[in-house]
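User: Could you take a close look at a single part of this model, the surface around one of the nucleic acid strands, and describe it carefully with the cut-offs behind each term?

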2 protein chains.
Amino acid sequence: MHPMINGATLSATDICLVCGSLAKGLHFQVNSCRACAAFYRRSVKSKLVYRCQRGTGRCDLSIRIKGKPMCRYCRMKKCADIGMRIDADMGHESTSSPPESETVADEVPEEYVLKGGVVQVEGKRIIYDVKPLIHLIKEAVIKNNVQPIKGLSGVTLSPLQRMVHEVSKFIAQRTPKACDVQVVSEMRAESCIHFQEQYLLKLAHLVTSCEYFVRLEDDQKFPLFRHFWGSFQQIERAYQTLTAFGYETNDFRMIIGDKQAIDMDNTKFILGEADSDEIKKLFTPLRHRVFGCLMNPLRSLKPSIFEIAYMAINFLWTCFELNNIKLSTTVIAEEVLERSANELHNYYVYEMKLPNYAARHAVLMRLISVIESIIRSKKDVMILMRLFNILEDDFFDSELVD
Amino acid sequence: MHPMINGATLSATDICLVCGSLAKGLHFQVNSCRACAAFYRRSVKSKLVYRCQRGTGRCDLSIRIKGKPMCRYCRMKKCADIGMRIDADMGHESTSSPPESETVADEVPEEYVLKGGVVQVEGKRIIYDVKPLIHLIKEAVIKNNVQPIKGLSGVTLSPLQRMVHEVSKFIAQRTPKACDVQVVSEMRAESCIHFQEQYLLKLAHLVTSCEYFVRLEDDQKFPLFRHFWGSFQQIERAYQTLTAFGYETNDFRMIIGDKQAIDMDNTKFILGEADSDEIKKLFTPLRHRVFGCLMNPLRSLKPSIFEIAYMAINFLWTCFELNNIKLSTTVIAEEVLERSANELHNYYVYEMKLPNYAARHAVLMRLISVIESIIRSKKDVMILMRLFNILEDDFFDSELVD
DNA sequence: GTCGGTCAGAGTTCAGT
DNA sequence: ACTGAACTCTGACCGAC
Ligand SMILES: [Zn+2]
Ligand SMILES: [Zn+2]
Ligand SMILES: [Zn+2]
Ligand SMILES: [Zn+2]
């Protein structure tokens, strides 16, 4: 089981399988640097147990910040994973699983069936009738999909706890395995739209699993959802992309479905006569904002699922600037936001052991603001496109966008 | 030259090259005691800048009066001089010359004199040449108006401390006494524009009183200021209005100058032929957002000057989405924002005794986002006005807006 | 060549002022 | 809010085998 990198020149014996730095021979039967070996030895000897500060259990150990040591939990886990054994006769296999909340996979409909939803590429325009989808969403959004948590019947989750649970499920369900993801060279409009349909319907399922959302008056639900989905998708896609391709990469790849990724530099969009390059050009400034103001900050923030869920709560409930929102709704929204912020406080202080979380919280709130601004711009670009008759994408030019 | 302490000969490796006390090996590649090493580490990590109390920069660090700490400037300078380097690649520090304790008490000019700035109302349009103003601002913005704080020489204020100081001054200077304020029934374009000219120039003075802003490259200053002024004015006016009219009221009054207020429902704008009502109508949705999403939340928040200053810091330094901003600027911006958030933490925890401040902080950040969105809309409405030829206000249609 | 022991020198914490 | 003593943690080095 000797991994080979590039076969010849860079011998596998040269890099530390834990941290990626220069290794010097075998340590505890594994290629590793002396530092990692020493770390492993100390940890085992003193029976030290670590906890991942980020709570994800998948820190990237190859990123080293000057003064800071690498995440101990993840380093130890890596040591164990690659087969370091301090004592050959120790029979114990597969010692520790990360102290994460295991993602329970309750039943969520696997694929929604859409009656309409035929995509036609006609001339420069994509003709797609969104009405059936909108109808479906409007119906889906007023359902009640609240499910009790196993082993916790009788207990009502707080809005944020519930969101953490649902977002974990949502993300786990569609987390691509890094090796599975293929960077495609062509992307057809049909695939995009089909992906999007399913995405929106599953998002509707997500929000209707949240008690506070379900309790709203029915006519308030669709406007909230309309405001919610774009922002949520932006952060969720970004999170998945960084998870799949690692936090250290710095390119323009973006995961689209659960198995496909596009590379903004190389993927060609197949959209009938509409010029793929022309479209790309219109989106260039936006793309740079996405990478400069969203992906890069995310890369250094490395948000946990908890924080993603907190952002989701904010996207869903920051409805004060929307039209046709009733006072009763804003009162509930204020309550949800305040409770969630208080829980975030507890999360930071007690779980992340980060009593001075103001800076991190500020970055989070700033990201929320950036994402909402990106969504606005996305809409603007779409309008521009229609104006120039390059492309008509009814998705962004329908009741689905506020 | 062997230093003698208590008559015993000490090897050169035993004394701290900074303070002369007993050293304990190398620290940051220099013989020093742990205390000096810790001091150096803290200072570098927090990027603290000191000032010599005596102004000589030649304090004798070996003379210790118990209880009194040694001169921080000279201690830091010694650390640097003897070659302490926390990180090999940490190069330029430049602050090696003692900042002469100048007591530049150049007062804030009471009123700026503008050569141009003639307002003509010509038909429906307001003809106003902004160029002289822009020129003046561009000059003002690259000046250095940093003033030492009385009685606190030797310490450099943090960006937020400085901002608190400057914002307090700014607000106090133009706080209207509640009884003095008159709700005017007419508002002439000339008065508005004159008020605005003075306001912008004083704001330029404010930002150039902040060390971190002054340290920027000159070509970065105007773009930052351009992004800053609108948002700052929005929050400052709102704050003044609430202070003057009280937090209980719930009307549409808004303080304009330092003695005048307009009542959106009753004040008539005198703008030549341009229909006052027509203009008001265009602004109606915006006005409702200002009152619903800004004034009302502010009313319940009752922000302190410290929090207003924190918002100001955010407006000034959240420049990541701007064009033509250099990487070096964003690096500084990130540092300022992070430091300020950390200080806000301390303020909440130690001064306001509010350890669980997440909710309040979230409201603050959300207000920041609302204000930036209001400013964008303001610009949009102005563009709309020009489109319909109702009013041409070069203020919002010039280099002054990004 | 791999192991454990050792320790200088980093970072971190916290009581004292 | 700073200071500095006491603490933990890291990784380079060295001798043992
Ligand atoms: Zn390693
Ligand atoms: Zn980790
Ligand atoms: Zn010393
Ligand atoms: Zn001195």
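Analyst: What follows is a description of the surface near DNA strand D. This is a predicted model, in which local features need pLDDT of at least 70 and side-chain atom pairs count only at pLDDT 80 or more, while totals for chains, interfaces and linings use all residues. Residues are numbered from 1 along each chain as its sequence is written, chains are lettered from A and ligands numbered from 1 in the order in which they are written, and side-chain values use heavy atoms, with hydrogens and water left out.

There are 13 residues around DNA strand D, and those that come nearest are Arg42(A), Arg75(A), Arg42(B), Arg72(B) and Arg75(B); a residue is near a strand if one of its heavy atoms lies within 4 Å of it. Of the atoms of DNA strand D that come within 4 Å of the protein, sugar and phosphate account for 66%. By class, this surface has eight charged, four nonpolar and one polar residue, where Asp, Glu, Lys and Arg count as charged, Ala, Val, Leu, Ile, Met, Phe, Trp, Tyr, Cys and Pro as nonpolar, and the others, Gly among them, as polar.

Both chains contribute: helix H1 (34–45) and helix H2 (72–81) of chain A, together with H1 and helix H2 (72–81) of chain B, each supply at least two residues of the surface near DNA strand D. Helices here are DSSP runs (H or I, at least four residues), numbered from the N terminus, as are strands (E, at least two).

Some polar contacts, meaning pairs of N or O atoms within 3.5 Å, can be given individually. A polar side-chain atom of Arg42(A) lies 2.9 Å from a base nitrogen of DNA strand D, and an N or O atom in the side chain of Arg42(B) is likewise 2.9 Å from a base nitrogen of that strand. For Arg75(B), the partner of the side-chain N or O atom is a phosphate oxygen of DNA strand D, at 2.9 Å.

As for H2(A) itself, Arg75(A) is buried, as are Tyr73(A), Cys74(A), Met76(A) and Cys79(A); buried means under 20% relative accessible area, with a 1.4 Å probe and protein chains only, so the DNA is not counted in that area. What covers these buried residues includes H1 of chain A, judged by contact, which means heavy atoms within 4.5 Å. Just after H2(A), Gly83(A) takes a positive phi of about 100°.

Terms used:
Polar contact = N/O pair within 3.5 Å; in protein donor to acceptor, adjacent residues only side chain to side chain. Buried < 20%, exposed > 50% of the residue type's maximum accessible area, 1.4 Å probe, protein only.
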